[in-house]
Amino acid sequence: MFGGRSAALPTFPWDTLADVTALAKAHPDGIVDLSVGTPVDSVAPVIRDALAAASSAPGYPTTAGTPALRASAVAALARRYGITGLAESAVLPVIGTKELIAWLPTLLGLGGGDVVVVPELAYPTYEVGARLAGASWLRSDAPERLDAPPALVYLNSPSNPTGAILTAGELRAVVGWAREKGVLLVSDECYLGLGWDDTAPRSVLHPQVCDGDHTGLLAVHSLSKTSSLAAYRAGFVAGDAAVVAELLAVRKHAGMMVPTPVQAAMVAALDDDEHEHEQRDRYARRRKTLLPALRAAGFTVDLSQGGLYLWATRGEPCRSTLGWLAERGILVAPGEFYGPAGAEHVRVALTAPDERIAAAAERLGSER
């Protein structure tokens, strides 16, 4: 008998929003969709040009990534985030970081008897990856307090959904514990360049965190947010060279290859900081518009130190808040998507055009 794997997975969260989506779309001025963190801004010309220039490549792409891509990734991590001592062989491109996170436990050979730890409030794909591998999973922001060490621990700073940022000291403590217990620490850093209010997020690979020793550490980086490349499926993982080599060996067999034109586009994106700064400024501008509007409408915005989301609450069940906003044509994500601790929060994305962000602020302003 075939099939049945999907039955072991949770309901795809976004499939549960049909009713409130229809309600928001019925607003006379149209929907303001702040539910999904999908980029809405055009890809920079320098990246599109690189993609087009490589579009005639006829052969198979390299699973390991081109030398130019690996060199650009190492240089960008050093230039943008202060990560030093990273070998080019310790970088591996992936077909979007969601793909890597969903399959990482399987690629590493985890299964029954292994435990994967995800944050209390977390991107749902961490759990999905554990389920696909047949491993157990649990939520904890303090894995060092568990009775037995897990096989893998995920970190996410700045966080999706909350925007919380772990300090270098907090990261350093987790790294020390993980090394003592032989636990693989995987840091999802796709929002690393988006710290607000003069808060600078740190990578788990930063020397202040790991003393320049990347053993037992992986950092997952996406170009979807910094360069609006979600449609390109462009990301990479870096860190422990031995673990990266293991991932490479398995991915070769599985045919997990980033297309050659996309690799060329990634080089252009990683080499050019100007477009990244411009994109950050767009998100900062949208945050400056939306944050005070939510507060003035009676919301409390918690954490939200970084990333692309505002973690907001009216002190009521999140589905009630979801409906209240949908009546005003604003669609957001219910906090319960990310764990039980989100039951009274909603996640409000900054990923909408300026005009739609302004429309949301105006509608919220009418509630004062």
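Buried, as used below, means under 20% relative accessible area, exposed means over 50%, and partly exposed lies in between, with a 1.4 Å probe and protein chains only. The model is predicted, so local features need pLDDT of at least 70 and side-chain atom pairs count only at pLDDT 80 or more, while totals for chains, interfaces and linings use all residues. Residues are numbered from 1 along each chain as its sequence is written, and side-chain values use heavy atoms, with hydrogens and water left out.

**Exercise 1.** Determine which residues of helix 8 are buried, and how they are arranged about its axis.

*Solution.* Step 1: helices (H or I, at least four residues) and strands (E, at least two) are DSSP runs numbered from the N terminus, and helix 8 covers residues 241-254. Step 2: the buried residues of this helix are Val243, Val244, Leu247, Leu248 and Arg251. Step 3: seen down the axis, these buried residues fall within an arc of 140° (taken from the directions from the helix axis to the C-beta atoms), so they line one face of helix 8. Step 4: the face turned away from the buried side carries the exposed residues Ala242, Lys252 and His253. Step 5: among the elements covering the buried residues are strand 2 (91-94), helix 4 (97-107) and strand 6 (184-188).

**Exercise 2.** Describe what is found at the start of helix 8 and just after it.

*Solution.* At the start, a side-chain oxygen of Asp240 reaches to within 2.9 Å of the backbone nitrogen of Ala242. Just after the helix, Gly255 takes a positive phi of about 70°.

**Exercise 3.** Identify the domains, and state how many residues of each are in contact with the other.

*Solution.* Step 1: the protein is divided into domain 1 (13-42 + 275-365) and domain 2 (45-271), with bounds that come from an automatic or database domain assignment. Step 2: their C-alpha centres lie 26 Å apart. Step 3: with contact meaning heavy atoms within 4.5 Å, 28 residues of domain 1 are in contact with 29 residues of domain 2.

**Exercise 4.** Locate the cis peptide bond, and examine the backbone of Ser304.

*Solution.* Step 1: the cis peptide bond joins Ser157 and Pro158, with omega about -5°, and Pro158 is found in the loop between strand 5 (152-156) and helix 6 (168-181). Step 2: phi of Ser304 is near 55°, a positive value in a residue other than glycine. Step 3: Ser304 is found in the loop between strand 9 and strand 10, and this residue is buried, with a relative accessible area of 1%.

Key: Expected span 1.5 Å × (residues − 1). Polar contact = N/O pair within 3.5 Å; in protein donor to acceptor, adjacent residues only side chain to side chain.
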